[in-house]
Amino acid sequence: MSFTLTDFWNLFPLILVAAGILLTITYDLLARNSVRGVWLVTLLILAGASYYSLLTLGSVGAYQNMVAFGGITHIFYFIFTFGAAIVVLLSKDYFEKLDLPISEFYMMLLSSVLGMMMIASAKDFLMIFIGLEQMSICFYALAGFNRRRERSVESALKYFLLGSFATGFIVYGIALIYGSAQSLSLDTISINIATLVKEPFFVIGMVLFIIGFAFKIAAFPFHMWVPDVYQGAPTTVTALMSTGGKAAAFSALILVLYPVMSGNLLPQLLPVLTVLAILSMLYGSIVAISQNDIKRMLAYSSIAHAGYMLIGLASGNSDGYAGIVFYLAAYAFMNLGAFGIISIIEGKRDNHLQIPEYAGLGFSYPVLAGLLALFMFALSGIPPFAGFFGKYYVFYAALQSGNTLLAIMGVLSSVISVYFYLRIIVVMYFNKPEEAGLRVSSYSSSALLGVMISAMLVVVMGVVPGRLIDLITAFLN
């Protein structure tokens with residue numbers, strides 16, 4: 001197996017992040033006051049990987065038919081690495097406020113991002129599995145990073161147990177697919193897909209694979225871990241899991257299902273995906289209404305957003321898959337911004353997380369409240385922000401495929417979701433605060449910069465969505 005200089009540059013984003021893990025570990029061991037150095041190295045590594053990914057979008061190919069590069073793969077690379085860079089900006093002050101070790105966090109963050117990138121670039125089921133485990137193990141540790149908090153440890157245990165259970169479905173599904181196809185190569189399976197869909201064990205394997213990843217994307221009824229994990233994990237960890245983790249899981253589903261669904265070769269999967277999408281949208285939106293904890297509210301809304309993205313899968317056309325990628329990019333920066341504001345407002349002892357505590361925030365901290373309002377408008381799908389066009393593209397794909405029911409249910413769920421998103425804005429600007437009022441401790445310019453970058457991207461993607469969707473569609477075709 002040869003490895004040339006061209007291969008090195010083609011795989012450079014992966015190599016850079018992997019080297020960053022080793023570099024941060026070494027620097028932390030050798031330097032006395034390593035926290036700021038590790039933070040800066042991590043930020044530069046992620047920024048460099050995201051920039052190089054965009055720079056080489058047009059270099060489409062694969063290494064040894066195992067790892068893809070360029071095109072959609074590098075778009076996902078950008079979502080993972082740039083999103084993680086924003087998490088790094090948000091985390092420095094947040095973990096210092098909680099008096100937690102920070103260097104280890106950045107090492108595990110880089111390791112989880114490497115796993116995400118391996119999933120998105122996979123040309124083989126084995127690569128998907130390795131990347132999934134790399135990402136998941138880091139997430140289990142990060143969820144319980146605040147070991148002094150019982151709720152954080154509990155969330156890590158729940159995530160580990162249910163995540164391991166989901167992995168069992170995925171591994172068993174891959175085993176059945178391999179038994180039918182005699183190969184783990186996605187390209188080989190795609191070439192022979194017309195024959196394989198007639199094999200019962202292949203169909204069962206595909207269903208098990210979808211069920212396993214339904215856990216990872218937090219689709220109903222495989223969502224039970226989401227509220228407790230999102231609430232218990234450190235807020236910036238929740239931001240990473242809810243964006244990069246969800247995008248990585250959807251990238252795997254796109255890789256596996258695109259050849260099957262775009263050719264309408266396995267119509268049996270259509271009702272499965274349709275039911276998952278409808279139940280996820282309605283359940284997430286309805287239950288989110290009753291939540292007073294803002295992190296739990298965003299957890300249930302995450303279930304609803306998984307349902308919106310599943311509409312793109314169920315549509316089975318290139319418009320739907322392009323819509324998912326656009327939606328994932330938009331959702332990543334909307335959610336990063338929202339959780340970023342929450343991490344700034346959150347107190348040392350899990351306080352300032354109840355929505356009624358945000359009363360009067362619009363007058364006491366107008367910048368933070370204005371930014372949070374922007375993200376709430378975007379998440380609810382109000383134009384001209386990116387969230388509106390994310391929903392528009394997947395709804396349009398559903399109509400193009402003739403699945404009008406999915407589009408109608410998506411619009412209905414969106415209408416319901418407007419209530420709990422706008423509720424936060426009403427509380428901030430129209431409710432009177434308690435006597436003491438909410439007091440936000442000082443925060444660094446790096447945290448505010450991370451939120452501002454997210455806000456800018458949400459606005460830009462909403463103003464000029466056509467260029468990005470055209471780019472994504474071109475690579476899919």
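Okay, so first a definition: when I say salt bridge, I mean a side-chain nitrogen of Lys or Arg within 4 Å of a carboxyl oxygen of Asp or Glu. Keep that in mind, and keep in mind too that this is a predicted model.

By that rule, how many salt bridges do we get? The count comes to four. Let me start with Asp187 and Lys123, where the closest N and O atoms are 3.1 Å apart. That pair links distant parts of the chain: Asp187 sits in helix α8, residues 186–191, while Lys123 is in the loop between α5 and α6, and the two are 64 residues apart. Is Lys123 buried or exposed? Lys123 counts as buried, because its relative accessibility is 18% and the cut-off for buried is under 20%. Its partner Asp187 is partly exposed, at 30%.

Next up, Asp228, which pairs with two residues that I'll take in turn. With Lys158, the closest N and O atoms are 2.6 Å apart. Lys158 lies in helix α7, residues 150–181, and Asp228 in helix α11, residues 226–232, so this pair ties together parts that are 70 residues apart in sequence. Lys158 is partly exposed at 27% relative accessibility, and Asp228 is also in the partly exposed class, at 24%.

Then there's Asp228 with Arg296, at 3.0 Å between the closest N and O atoms. Here α11 is linked to helix α14, where Arg296 lies, and the residues are 68 apart. Arg296 comes out at 18% relative accessibility, so we call Arg296 buried. And what do the shared partners add up to? One network, joining Glu154, Lys158, Asp228 and Arg296.

Let's zoom out for a second. The chain has 21 helices and two strands. For 477 residues, a compact globule would have a radius of gyration near 23 Å, and the chain has 21 Å, so the two agree. The C-alpha trace spans about 70 × 55 × 40 Å along its principal axes. Of the 477 residues, 63% are buried. And if you take contacts between residues at least 6 apart in sequence, 79% of them join residues at least 24 apart. The accessible surface is about 17800 Å², with 67% of that belonging to carbon and sulfur atoms.

Now, one helix I'd like you to look at: α18, residues 386–400. Its 15 residues should span 21 Å at 1.5 Å a residue, and the end C-alpha atoms are indeed 21 Å apart, so that agrees. Which of its residues are buried? Among them are Phe389, Lys391, Tyr393, Val394 and Phe395; yes, there's a lysine in that list. What covers the buried residues includes α14, α15, α17, α19, α20 and α21. So α14, which holds Arg296 from the network, turns up again here as part of the cover. Just after α18, Gly402 takes a positive phi of about 85°.

Last stop, the outside. Met456, Val459, Val460, Val463 and Val464 make a nonpolar surface patch of about 410 Å². Val459 belongs to helix α20, residues 445–463, and α20 is also one of the helices covering α18. At 31% relative accessibility, Val459 counts as partly exposed. As a reminder for reading that patch, an α-helix has 3.6 residues a turn, so residues three or four places apart point the same way.

That's my tour, thanks.

Conventions. Residues are numbered from 1 along each chain as its sequence is written. This is a predicted model: local features need pLDDT of at least 70, side-chain atom pairs count only at pLDDT 80 or more; totals for chains, interfaces and linings use all residues. Side-chain values use heavy atoms; hydrogens and water are left out. Patches are made of residues with over 30% relative accessible area and no salt bridge: like charges are joined within 9 Å, nonpolar side chains (Val, Leu, Ile, Met, Phe, Trp, Tyr) within 5 Å. Accessible areas come from the Shrake-Rupley method with a 1.4 Å probe; for residues, only the protein chains shown count as cover. Helices (H or I, at least four residues) and strands (E, at least two) are DSSP runs, numbered from the N terminus. Buried means under 20% relative accessible area, exposed over 50%, partly exposed in between (1.4 Å probe, protein chains only). The radius of gyration is taken over C-alpha atoms; the globule rule is 2.2 Å times the number of residues to the power 0.38. Contact means heavy atoms within 4.5 Å. The expected span of a helix is 1.5 Å times one less than its number of residues.
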